[in-house]
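Here is a quick tour for anyone meeting this structure for the first time. Have a look at the sequence and the model, then read on.

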Protein chains: 4
Amino acid sequence: MFNIALFGCGRIGKVHAVNIAAHPKTQIKAVIDPYTEGAQQLASQYGAEVMSVEQAMSDPDIHAVCICSATDTHADLIEQAAKAGKAIFCEKPIDLSLARVKACLSVVEESGVKMLVGFNRRYDPQFRTLKELFESGAIGKAETLVITSRDPSPPPADYVKVSGGIFRDMSIHDLDMARYIMGEDPVSVSAHGACLVDPAIGEAGDIDNAVIVLNFPSGAMATIINSRRSGYGYDQRIELHGSKGMLKAGNVREHLVEHWGEENCAAAKPQHFFLERYKEAYISEWQHFVDVLEGKTEPMCSGIDGEMALVLAEAALDSLNSHKAVGVSE
Amino acid sequence: MFNIALFGCGRIGKVHAVNIAAHPKTQIKAVIDPYTEGAQQLASQYGAEVMSVEQAMSDPDIHAVCICSATDTHADLIEQAAKAGKAIFCEKPIDLSLARVKACLSVVEESGVKMLVGFNRRYDPQFRTLKELFESGAIGKAETLVITSRDPSPPPADYVKVSGGIFRDMSIHDLDMARYIMGEDPVSVSAHGACLVDPAIGEAGDIDNAVIVLNFPSGAMATIINSRRSGYGYDQRIELHGSKGMLKAGNVREHLVEHWGEENCAAAKPQHFFLERYKEAYISEWQHFVDVLEGKTEPMCSGIDGEMALVLAEAALDSLNSHKAVGVSE
Amino acid sequence: MFNIALFGCGRIGKVHAVNIAAHPKTQIKAVIDPYTEGAQQLASQYGAEVMSVEQAMSDPDIHAVCICSATDTHADLIEQAAKAGKAIFCEKPIDLSLARVKACLSVVEESGVKMLVGFNRRYDPQFRTLKELFESGAIGKAETLVITSRDPSPPPADYVKVSGGIFRDMSIHDLDMARYIMGEDPVSVSAHGACLVDPAIGEAGDIDNAVIVLNFPSGAMATIINSRRSGYGYDQRIELHGSKGMLKAGNVREHLVEHWGEENCAAAKPQHFFLERYKEAYISEWQHFVDVLEGKTEPMCSGIDGEMALVLAEAALDSLNSHKAVGVSE
Amino acid sequence: MFNIALFGCGRIGKVHAVNIAAHPKTQIKAVIDPYTEGAQQLASQYGAEVMSVEQAMSDPDIHAVCICSATDTHADLIEQAAKAGKAIFCEKPIDLSLARVKACLSVVEESGVKMLVGFNRRYDPQFRTLKELFESGAIGKAETLVITSRDPSPPPADYVKVSGGIFRDMSIHDLDMARYIMGEDPVSVSAHGACLVDPAIGEAGDIDNAVIVLNFPSGAMATIINSRRSGYGYDQRIELHGSKGMLKAGNVREHLVEHWGEENCAAAKPQHFFLERYKEAYISEWQHFVDVLEGKTEPMCSGIDGEMALVLAEAALDSLNSHKAVGVSE
């Protein structure tokens, strides 16, 4: 049984709490959150203790940390956990600053602890199946990838202000997926965007619609289409065109009942948002982390993946501002 | 160029008029209809003459008749055309009385003229493709057939009264399709029904919902599901289950544009009714009749098919009344 | 925490074992199975004890029984559990003999214990949604129900011999669904069938393809289409036509990735069989049983439902043999 | 009856020949093609005369020209027809050189003749429906447009060499569609591309995969995804995302029969190529031209549309070479 210290009791912290508790090989030993009431509640629900960061990091019974706290605390907590020899699961992003990420990752590397960065979509059964079919040769060599990723509705402008912008906050998932699916790193990034959904997002210096084009060394291209608002749920699709055909992962609908009536033939909308859409992915992600803890496998998404996604997000921002393709070199 | 005498200027007569005129090898020479104004209009539209039945039948320039008149005139017109040596295209049914059909068909047989009975669905490209895939062995041996056939909305009770009832009027198409798809004749028929849509239909002595089960000599079964009202357009589907899988012909939609919105993901309804749904089938049916006229092929749906469909419709009616399976023997 | 005695360690016993153990309010206290090795294994996996029937029934710490043993033991175990005052979850069927079922249920009634009969499909999220949409008035009054239920491949003839026949073994689920969806009991049953898949099934006195038509007091009709073999996975669909349109619950596919290639545009097959298709239904069913144990609700599927489904299955068998509609009266 | 002079007897010339002849208000009077055998054949098929360019242009009985000849003859023929006072239908493009196009259009303008440029997709019933639903307000204000346009297989390198390159030859259709759907002209164009399908295309100085991003004055963006090879037929899709949802025009399949079997659930591929996919569009386009000839309407796609599409194609080429967004100003 692995004892886990859970940092952060917000929406995503609660998702992981359920999965940690439900897994036969993990349990929540400590809950850490500056919002003590929330921490207390979660702790009592799972038979865990509320601890301070220092207590948790120095508790020898704690094997691993699950970092779900505010973004600006991630890098510090990663470093402390690494130094304390604890395995690390950290929600994306590691940090919004690339320099900070690099510094943080060197601490992790020095420590030798295992670290898994939480890009949830890699564990989604649909996208997994697409990846596996591609790797089995179903469509030959990859040529064009199209990722559609649209949130149901925009976040509040206050969130936008601290989010690091759409590329670092939202597109970063798709940038990681592009690398994951294609199995290679892009050589250049071109980004386009506009503020169409909520003027407050524009006033906060951000955009809410984006199109990103990635060029890969093989000549293959990936296009990412993002919006902060779909109007019809969480739109999460991938199309991969290859030399012998296409693979296409569609949306997961709320249910499969169609209603045919006078107006039209209506099917259910896509599942509302990430909590529903990636529910299975979070479970599978945690299973993967347990496999890492047991030494059965290496993290399939480690610090370097977190860093590369951020590199691409920054290149996208450069491109958006310069109206040019921006080269990427590791 | 084959000269055609068109009997009947109603809805279905007009459908055939368009196709006769558009075909490079046929033209409308005569239009015959007791409603002279309609006959005159159609005739002038296509450069044809209005004729009496006698004139048309005795005109040596007329090669073939296209019978789209009222049901109770079909058998007489067929006999006259046969005796006049003209090839016959007749809309279903030949007659509502089986005895009359048999008598009529013996006249046709004696005359040696070619006759095509207008079961339009046999020419539908979707059902054709299903039939061809089945015959190519795609699903092995046929085991279960399910035909769904639902009109958009019920006919007026006045029509119902002279229609011969749902089995002779509506199910007859599906009974023919079952024979056509399966390639064998049923040995028994069981029918179930109710009046659910319009009480006036019940008062007219008819039902508006029916389920018919056919048993075939091979052991295979067919189920026909009929309703006089779908609420969402013309529902025309076929599922054929075989020893190695299923073939399934879905509805043809009004268009292929989906609208994803706050409420649902909406697709277009099935095409509204037979004029839209079987537009291509009617063209292809006429082409087949021209092939028959040219001696290139034999009618794929002749008098005996018209008779067999009626035999099955009558058996269905017997079964509905007796609550028993009714044996069919030719 | 409710302590559960689990009778039977076969395939379905294991499904329930997982769900009992995963539920925060239930645990397996006892495992009972004549196959002691299997019992021992399951018991040690869940920290339970292997017991004899008598031990389990007389153990005051056991609150409820979960009966997943061989069909011919169900009625006896139900009676013993009822007399011992234990709440009962029993897999379908209660018994293959209607007389035995009635006797058994009167013991249950006398005892006053709660009993839930395991018709898993009532808990399936897709069919639930269909039922809810129907009850919300989405399609008006029910007119025609079509249930398609096809197993991926036929069971061995040895199983068929003790199964009670396709109606009692397989169609019984669909008969229950028809009652559940329509919210009324049929007044007559007509059944048709053939042995098309495996001659050994015919030699065992059974059929492997069936079509059942139910007539309801409201005039509505239900058609059930069964086969012991689909060739493409577990085909589980429901169409409900009403006065204002149709609701249609489609199959759940293995995944949502399409492969478009030179041959065709391929989607995944339906989930293979009931373990996959009804995984969520089993969890939800157990949740319902826990709600019953807690007194929060009454069983949504009790002994009388088990009995009625069997009544309909027997009527189907009568109809198959007599080629007549068979009246049903409770 | 309008007499038409048809220039060019190749693949697309034959498509128009059928439609001109089938239309009740037009007939082919003259056929002009340097390949005299082909001209002779087509002429005799439709009861037309073979003429020289000069004969056709000076024949007072000819009301309009239909230009389907080699691209490099378009501008000259347009000018001659304009000077001869004949209405003009010209297949895209007007010319591969923007300067030539401008010169040509000024001749047309001076002459006052009507001219329709053949961007067939504007007449496709699916895309029309999408456009109409959008204009009816179904999804609010347009935000993102995604056009997928993939040919089944690449053209021979010899064709590529004279094609003007993928942007002028293939993407030009999508660039026109983007303008048509959005109802505004882009302000900048960014293009990305690679040669992935056939190295001979690269050696001919062209690419075979392209992604083009257009920015519109409203802030809206359009993404065009092109490939010279799909591997599964002609992939023609449009997604339009707006402030209140999405409209999505899918592919038209070869047929609607699905085959569910051991391997998968297979649907038919998209219709193979433009002759099949846009068959109805070509008919509707010709109807529109007849409406123009009759003075009932103005050309919905005139010279300026042909010019603008070329302007965008050239901007795409600039962008591909410069790796920068290229501004567009009319």
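To compare copies here, they are superposed by least squares on the C-alpha atoms of residues with pLDDT of at least 70 in both. Keep in mind that this is a predicted model. With that in hand, we can look at how chains pair up, how one chain splits into domains, how a sheet is built, and where one buried residue sits.

**Chains B and C**

- Turn chain C by 180°, with 0.0 Å of shift along the axis, and it lands on chain B with an RMSD of 0.0 Å.
- The two copies are thus related as by a two-fold rotation axis.
- Which residue of chain C has its C-alpha nearest the axis? That would be K324(C), at 2.1 Å from it.
- Where these two chains meet, 27 residues of chain C are in contact with 27 residues of chain B.
- On the chain C side, at least two residues each come from β7 (142–150), β8 (188–194), β9 (209–215), β10 (221–227) and β12 (245–249) of chain C.
- Sorted by class, the side of chain C that touches chain B has 12 nonpolar, 12 polar and three charged residues.
- The copies meet through the same surface, because 100% of the interface residues of chain C are also interface residues in chain B.

**Chains A and D**

- Chain D can be placed on chain A by a turn of 180° and a shift of 0.0 Å along the axis, giving an RMSD of 0.0 Å.
- K324(D) is the residue of chain D that comes closest to the rotation axis, with its C-alpha at 2.1 Å.
- How many residues does each chain bring to this contact? Chain D brings 27 residues and chain A brings 27 residues.
- β7 (142–150), β8 (188–194), β9 (209–215), β10 (221–227) and β12 (245–249) of chain D are the elements that give two or more residues to the side touching chain A.
- That side of chain D is made up of 12 nonpolar, 12 polar and three charged residues.
- Here, 100% of the interface residues of chain D are also interface residues in chain A, so these copies meet through the same surface.

**The two domains of chain A**

- Chain A splits into domain 1, covering 2–113, and domain 2, covering 122–327.
- Their centres, taken over C-alpha atoms, are 25 Å apart.
- The domains touch each other: 21 residues of domain 1 of chain A are in contact with 17 residues of domain 2 of chain A.
- On the domain 1 side, α1 (11–22), β5 (87–91) and α5 (98–111) of chain A are the elements that give two or more residues.
- α5(A) gives the most to that side, with five residues.
- By class, the side of domain 1 of chain A that touches domain 2 of chain A has 13 nonpolar, five polar and three charged residues.

**The sheet in chain B**

- Six strands of chain B make an open sheet with parallel pairing, in the order β3-β2-β1-β4-β5-β6.
- β3 (49–50) and β6 (115–118) of chain B stand at the edges with a single partner strand each, so one side of each has no neighbour in the sheet.
- Strand β1 (residues 2–7) of chain B pairs with strand β2 (residues 26–32) of chain B over six bridges, in the parallel sense.
- Along that pairing, N3(B) stands opposite Q27(B) in β2(B), and F7(B) stands opposite I32(B) in β2(B).
- β1(B), helix α1 (residues 11–22) of chain B and β2(B) together form a right-handed β-α-β unit.
- β1(B) also runs parallel to strand β4 (residues 64–67) of chain B, joined to it by four bridges.
- One bridge partner to look for is V65(B) in β4(B), which is matched with A5(B).

**A close look at E91(C)**

- You'll find E91(C) in strand β5 (residues 87–91) of chain C.
- Is E91(C) buried or exposed? E91(C) counts as buried because 22 other C-beta atoms lie within 10 Å, and the cut-off for buried is 20 or more.
- Leaving aside neighbours within four places in sequence, E91(C) is in contact with I12(C), I67(C), C68(C) and G118(C).
- With G118(C), the C-alpha to C-alpha distance is 4.5 Å, although E91(C) and G118(C) are 27 residues apart in sequence.

How values were computed: Residues are numbered from 1 along each chain as its sequence is written. Chains are lettered from A and ligands numbered from 1 in the order in which they are written. This is a predicted model: local features need pLDDT of at least 70, side-chain atom pairs count only at pLDDT 80 or more; totals for chains, interfaces and linings use all residues. Two residues are in contact if their C-beta atoms, placed from the backbone, lie within 7 Å. A residue is buried if 20 or more other C-beta atoms lie within 10 Å of its own, exposed if 12 or fewer, and partly exposed in between; C-beta atoms are placed from the backbone. Domain bounds come from an automatic or database domain assignment. Ala, Val, Leu, Ile, Met, Phe, Trp, Tyr, Cys and Pro count as nonpolar, Asp, Glu, Lys and Arg as charged, and the others, Gly among them, as polar. Two strands pair if DSSP finds at least two bridges between them. A crossover is right-handed if, with the strands pointing away from the viewer, the path from the first strand over the helix to the second runs clockwise.
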